[in-house]
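Trainee: I'm new to this one and would like some help reading it. Can we go through a few features together?

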Amino acid sequence: MNIINKLTLRHLKKNKRRTIVTIIGIVISVAMVTAAATLTTSFISALQENAMEQTGEWHVVYNDINKDQIESIKQDENIKAMSLANDVGTALLEGTHNKSKPYLFVKEYNTQAYNQFPFELLAGRFPTADHEVVISKDLATNIGGKYEVGDRLTLEIGERYVTGESASEPLDQMVPLQKAEGVNIETLINTKTQTYTIVGEIESPSWDTTLSTPGYMIISYLDENLFPANKTVDAYIALDKVSQSLYDTSSSLAEKNNIDADKIQYNTHLLNYYGVTGKENLRMTIFASEIIIIVVIVAGSVALIYNAFTISFAERARYLGMLSSVGATKIQKRNSVLFEAAIVGFISIPIGIIIGLIGVMITLSIINTFIQQSLNIDEKLLTLTVTPMSMLVAVGVSLLTIFISCYLPARKASKVSAIDAIRQTQDVKLTGKEIKTSKIIRNLFGIQAEIALKNVKRNKKRYQITIFSFVVSIILFISVSFFTDHLQKSIELSQRNVNYDIQVTTRNEDTTMLKSLSTLDYVTSASIVKKMHLYSWIDANFVPEDAKKRIGPADKKEGGKILYRVDVNVLDEDSFVEYAKSINVDSEKLKNSDQLNVILIDTFKHIDENTQQIIEEKSIYAQPEMKISLIDKVFGTGKQAGETFINSVQIAAVTDQFPMGDITLDFLEFEIIIPESLVEQLFPTNYVQDFFTDLYLTSSDPMQTYTEIEELNDANFSIYSSHVERKQNKQLMLLIKAFSYGFTILITVISVANIFNTISTSIALRKREFAMLKSIGMTSKEFNKMINYESFFYGIKSLLYGLPISIVIIYAIHRAMMNTIKLEFSIPWADMIIVIIAIFLIVVVSMLYSSNKVKKDNIIDELKMENI
């Protein structure tokens, strides 16, 4: 080690406090980058795993390809695994208790598929010959243990057709059971006898648990070496490297092997979580959002490290001046700076990475506990995922910033003469005019406020560095909070609003049977909804511009009125009370009013045909206390054509929240919600009400509830199940919310630590200044006042810069996401208020904590102090 490096090392040891605060600043920065990268990677990995549990680990599938085409596709070097599958056919299931699933559906898979698809073996083994099968747990439960491992099955396997209809294609497994008046109207043709031996039992795959598939899947073995050359199968491909190029690669591969383009399908559900999509607008959204968030995080990291060095620039400049005075060359001073950066980086970067990973582990542990309690599961959906790339990014950004942060001040210091650097004459070059303050400040707030303001003006560089640090923290919090909030809204909009497990539909006016179904075991909530369609002429002033573009000739009449379809939804009394409470409406006041009050739903979502954006917008500009006349309208020119006035209603509340049920809106359409007790008041006595009636249920065991309802064998109602989709949507939204809250909290903690560290460092560097003030008679009370005023000035200035810059950044995030989701931009006032309160609170607490430590120091010792 040369003499310059020895002096640098001795200087770092002597100035322990400055070295420590510099290391803390770098540690905070590295921890932030590490935490952001690791938490994001862990979250994306969890989404990918969740998608693979639902669909399997495959990215593209080539349907109906032969043996030669399979061998050719295998030559692609980017293929990690290939599973082969073939639909054998459908057979009647004897002794079934589930009338919606009267079949067995036989499907063959090769050995690779057992690992590539989410098949969890519960007993026995997987098939290894074409006469062996495994059954699902749901099948075993449905038939009451009739099938066990070792049993033999003799099946008449054929193809499903609707009885009496001539169809060119048979019905596949994804087509629900065809019924007429509650009776199965299907038949199996082209049957052949096949005998299988049951060799195992698997957990039912998610796609087999849905009640829309009419057959329980049993899995047989597909030997790819034995099937004939003219036989076709489906090849599911898992790629080694997933990138945007897979669309072009798969198309060219298909063209090369004479595979029709319509035979290619992509696992879009999984690919979306790789950031790979065939939709240009979605790809642009992902790319732009990633760039903005990365820039914000990296810029924040750079700022934190740069501040850690720059805030103690004066002490470093003095040290470099002393080196110059004893003959050190520019190269030696540069090497000294680089050596200092290497030492500080070598200590702080590993600590920062470890703290960042510990922070993420704690965050994931809390999130997993929340998810497990919400979904009532034991498995951990989020696990810590550390990739080499995320660590390289954290280390690379930190190292680069450390060297830049050291080198730039050193370069500036090298231009100052040795005498000036030692005497620090370049730090404060002020005139009386520059530090002059208004007499109003002194008269209103006292001498302490004036001194505080002069302190701010006297050392502008240190003040600006501190303010910059606060501004970075403000921007980080608001940007990340806005992004995660927008992410949640975007996912919610992209999902179908399924808030029930089972739907039972009937045209019967008597709801006695439906009410009895709501008391079945496992039912957790129920709502009976009667629906019918009416119309209303609405003044054009209340019609949005987008809706006006869709007005047809029959939708207008003189006076500027526009015809709207009105969906009347009648809820049972308990459901209405619960719904009204959820949107902060007094249900009793609404029902007992002199006016016929209704709740109006005015918001809907749709996909733009041109841009493919998911857009949420108003269908009508309605307002509370607005009157609407309801009519029944028969279109055409016949005798029945015309309009019938029904009643006039008053809007009690306008909302975008839907009650339980399958409610959809469109342009020139809105929904009104009323309780059952107001139905007679709404319709004239001689009017024939034509309602569709639905019962919507949620259940702790949807399969069992569905089976119990079906066993009633009532042809007057139809049953639909959405529990699989609802469960998947709920799980996805929980993951999104968990990531959002976890990421926001992590960034918040880091931002608070940054502010605290900046204040502590600033106060520590001013010990000599404070000792001088005390030496001329400033009391502890006056000192605290001065500190409080300084805190106020810091807070005001940082908010004046931080909030406008944050608004610009969040608007950029909003514009980036507009490529896919169209949402109205709104300033996050709640976050702004939180920031305003937090900044003043954190600054005051930090300054009081740091200044209290200063009070304990000896005035004489601090006045003599040259180093910190």
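**Helices and strands, step by step**

Mentor: Sure! Helix 1 (residues 3-14) and helix 2 (residues 16-55) have axes that come within 5 Å and cross at roughly 90°. Keep in mind that this is a predicted model.

Trainee: How should I read a pair of helices like that?

Mentor: Two packed helices are described by the angle between their axes and the distance between the axes. Angles of 65 to 115 degrees count as roughly perpendicular, so helix 1 and helix 2 are roughly perpendicular to each other.

Trainee: Which residues of helix 1 and helix 2 meet?

Mentor: From helix 1 you have His11, Leu12, Lys13 and Lys14, and they meet Lys16, Arg18 and Thr19 of helix 2. By type, the contact residues split into four charged, two polar and one nonpolar.

Trainee: Now the strands. In which sense does strand 21 pair with strand 17?

Mentor: Strand 21 (residues 642-655) pairs with strand 17 (residues 597-601) in the parallel sense, over five bridges. Look at Leu600, whose bridge partner in strand 21 is Val654. Strand 20 (residues 627-634) runs antiparallel to strand 21, and eight bridges join them. There, Ile631 stands opposite Phe645 of strand 21.

Trainee: And where does helix 25 bend?

Mentor: At Leu799, by about 25°. Helix 25 (residues 780-817) has 38 residues and still reaches 53 Å from first C-alpha to last, close to the 56 Å expected at 1.5 Å a residue.

Definitions and conventions: Residues are numbered from 1 along each chain as its sequence is written. This is a predicted model: local features need pLDDT of at least 70, side-chain atom pairs count only at pLDDT 80 or more; totals for chains, interfaces and linings use all residues. Side-chain values use heavy atoms; hydrogens and water are left out. Axes are lines fitted to C-alpha atoms, for helices over the stretch in contact, and angles run from 0 to 180 degrees between N-to-C directions. Helices (H or I, at least four residues) and strands (E, at least two) are DSSP runs, numbered from the N terminus. Angles under 35 degrees count as roughly parallel, over 145 as roughly antiparallel, 65 to 115 as roughly perpendicular and the rest as oblique. Contact means heavy atoms within 4.5 Å. Ala, Val, Leu, Ile, Met, Phe, Trp, Tyr, Cys and Pro count as nonpolar, Asp, Glu, Lys and Arg as charged, and the others, Gly among them, as polar. Two strands pair if DSSP finds at least two bridges between them. The expected span of a helix is 1.5 Å times one less than its number of residues. The bend at a residue is the angle between axes fitted to the seven residues ending there and the seven starting there.
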